[in-house]
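Q: I would like a close look at one part of this protein. Please go step by step and keep it simple.

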Amino acid sequence: MLASPFALDSKASLGRGAARRCSRAPRGLLTVAAIVTPAVDSQDVPSPSPLPKKRNRIFTDKDGVRIQAMPVDYGFRAGAGRLYQDHYGEIPKSVWELASLNFKHELDQMRHSFRHNPYYRELYARNPPKTLLAKLNCRVGQAMANGLGKVDELLEKIGLLPELKPLPSWSPDALAEFDEIKDKLSKLTICNEAVARREAARIAADGDMEATPIAVKLPFLALCWVLDVVYDKRPIQKFWVLETVARIPYFAYISILHLYESLGFWRAGAELRKIHFAEEWNELHHLQIMESLGGDQAWFDRFLAEHAAVLYYWLLIAFYLVSPKVAYNFMQRVEHHAADTYCEFLESNRELLASIPPPVVALNYYRNQDLYLFDSFQTSSKASGVQRRPDCNTLLDVFINVRDDELEHVATMFAMQNEEIAKQLAIGRGSPGPEDHLTME
């Protein structure tokens with residue numbers, strides 16, 4: 001992974017501090033004014049979202065509050081309502097059809113990344129590698145890309161691959177309208193050394209987590225190392241990969257709890273499954289937020305993140321089979337690292353983030369959805385009785401919300417290491433077990 005052809009050089013509230021861009025509208029409106037872009041047919045090479053004429057895009061939430069929204073979805077899979085599918089809400093096809101469509105979807109992107117790679121050339125020019133390791137990574141990666149590009153040209157020449165056609169692009173006029181936000185997003189930064197110092201300060205102040213087996217620490221440290229080296233100076237792409245992997249343990253936990261119930265081993269996991277689904281639902285929206293900011297644009301980033309996700313799924317399956325506490329301990333470390341990273345990112349980019357409107361997917365999640373699932377994973381809110389109702393007026397608010405979500409995941413993963421947490425949570429909602437309603441007369 002270090003020699004990728006695309007790698008680059010490597011619980012206090014922060015406050016809102018952003019101007020509120022909203023005004024009142026009649027209650028009950030659940031519409032988005034000219035926001036959601038049409039999805040791309042999965043059988044075609046993906047093209048950028050159609051861009052409307054230049055004008056403010058106004059989102060109206062369920063309380064009738066009108067908020068200026070980001071003008072366009074910059075993600076590879078465009079469209080604010082998509083959940084990784086172009087045909088959102090439909091029943092999936094067979095695995096063979098899905099695999100074939102996905103292969104066609106990505107093939108031209110992969111070939112372009114080897115032969116032309118304008119996206120990464122631009123990034124290299126803007127953020128040249130500085131450390132020795134990053135320079136080596138860059139040079140080896142570029143050599144690999146050049147070699148694979150020549151192989152692709154040869155296969156095309158002898159007829160084994162079709163002619164590589166240019167990817168569809170936005171018109172110059174349309175690009176000019178939306179370059180302002182793209183330029184701001186490109187200026188967002190994060191310092192790995194500052195994140196490491198923040199983690200060290202937290203550990204010094206609060207103490208490290210309980211002793212963790214080396215088999216658990218190693219995959220966590222490997223994930224952090226790869227993210228730091230491959231995604232140095234690319235914070236949105238780094239967050240997209242991190243959020244892709246961060247969802248996976250919750251899938252694994254739910255899978256094992258379903259297996260235990262199906263086999264009749266243990267049938268008390270329903271409460272845990274509900275909490276883990278709510279956690280995964282929250283991480284899903286974090287991921288889509290990073291997608292809407294362009295975090296999944298590069299083919300190699302998608303390749304790395306999605307293959308790492310499969311690896312971590314089976315790793316967490318093994319952890320949970322051996323010891324659920326160890327599996328929760330691993331995820332607590334991941335969520336702690338994510339929270340520290342977002343804290344540092346917020347402090348480094350506060351002014352710039354406050355000048356960017358929020359993406360539509362964030363507005364839908366934090367302002368329009370039923371917040372039952374949002375409340376379900378937050379064990380600290382249950383304990384205090386105070387429900388979070390986040391603001392979402394700028395991209396600064398969005399990242400504050402994501403940071404606070406990660407801190408809630410940390411608290412929930414810590415609570416999950418208590419053997420009676422599921423019962424306590426059920427009682428806290430006024431839902432004790434059936435035996436608690438019975439008396440002997």
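Q: Is R273 buried or exposed? Please start there, then look closely at the charged residues around it and elsewhere in the chain.

A: First, a caution: this is a predicted model. R273 is buried, because its relative accessible area is 17% and the cut-off for buried is under 20%.

Now its partner. The side chain of R273 forms a salt bridge with that of E261, at 2.7 Å from N to O. E261 is in helix α7 and R273 is in helix α8, so the bridge ties together parts twelve residues apart in sequence. E261 is partly exposed, with a relative accessible area of 30%.

Stay in helix α8, which covers residues 270–292 and also holds E283. E283 is buried yet lacks a salt bridge. The nearest side chain of opposite charge belongs to R247, 7.4 Å away. For a salt bridge, the nitrogen and oxygen must be within 4 Å. What does E283 touch, beyond its neighbours within four places in sequence? Its contacts are E243, A246, R247, Y250, E335, E406 and H409.

Next, helix α11. This helix spans residues 360–368, and eight of its nine residues are buried. Among them are V360, L363, Y365 and R367. The buried residues of α11 pack against helix α8, and also against β2, β3, α12 and α14.

R367 leads to another bridge. D61 pairs with R367, and their closest N and O atoms are 2.6 Å apart. D61 sits in the loop between β2 and β3, while R367 sits in helix α11, so this pair ties together parts 306 residues apart in sequence. Both ends are covered: D61 counts as buried at 0% relative accessibility, and R367 counts as buried at 14%.

A further pair is D301 and R234. Their side chains meet in a salt bridge, 3.0 Å from N to O. D301 lies in helix α9, and R234 lies in the loop between α6 and α7, 67 residues away along the chain. Both D301 and R234 are buried.

How many salt bridges are there in the count? The count comes to 20.

Last, the cysteines. The search of the whole structure finds zero disulfides. C191 is partly exposed, at 31% relative accessible area. C343 is buried, at 13%.

To recap, R273 is buried and bridges to E261, whereas E283 is buried with no salt bridge.

Terms used:
Residues numbered from 1 in each chain as written. Predicted model: local features only at pLDDT ≥ 70, side-chain atom pairs only at ≥ 80, totals over all residues. Heavy atoms only, no water. Disulfide = S-S within 2.5 Å. Buried < 20%, exposed > 50% of the residue type's maximum accessible area, 1.4 Å probe, protein only. Helix = DSSP H or I, 4+ residues; strand = E, 2+ residues; numbered from the N terminus. Lys, Arg positive; Asp, Glu negative; His and termini not counted. Contact = heavy atoms within 4.5 Å.
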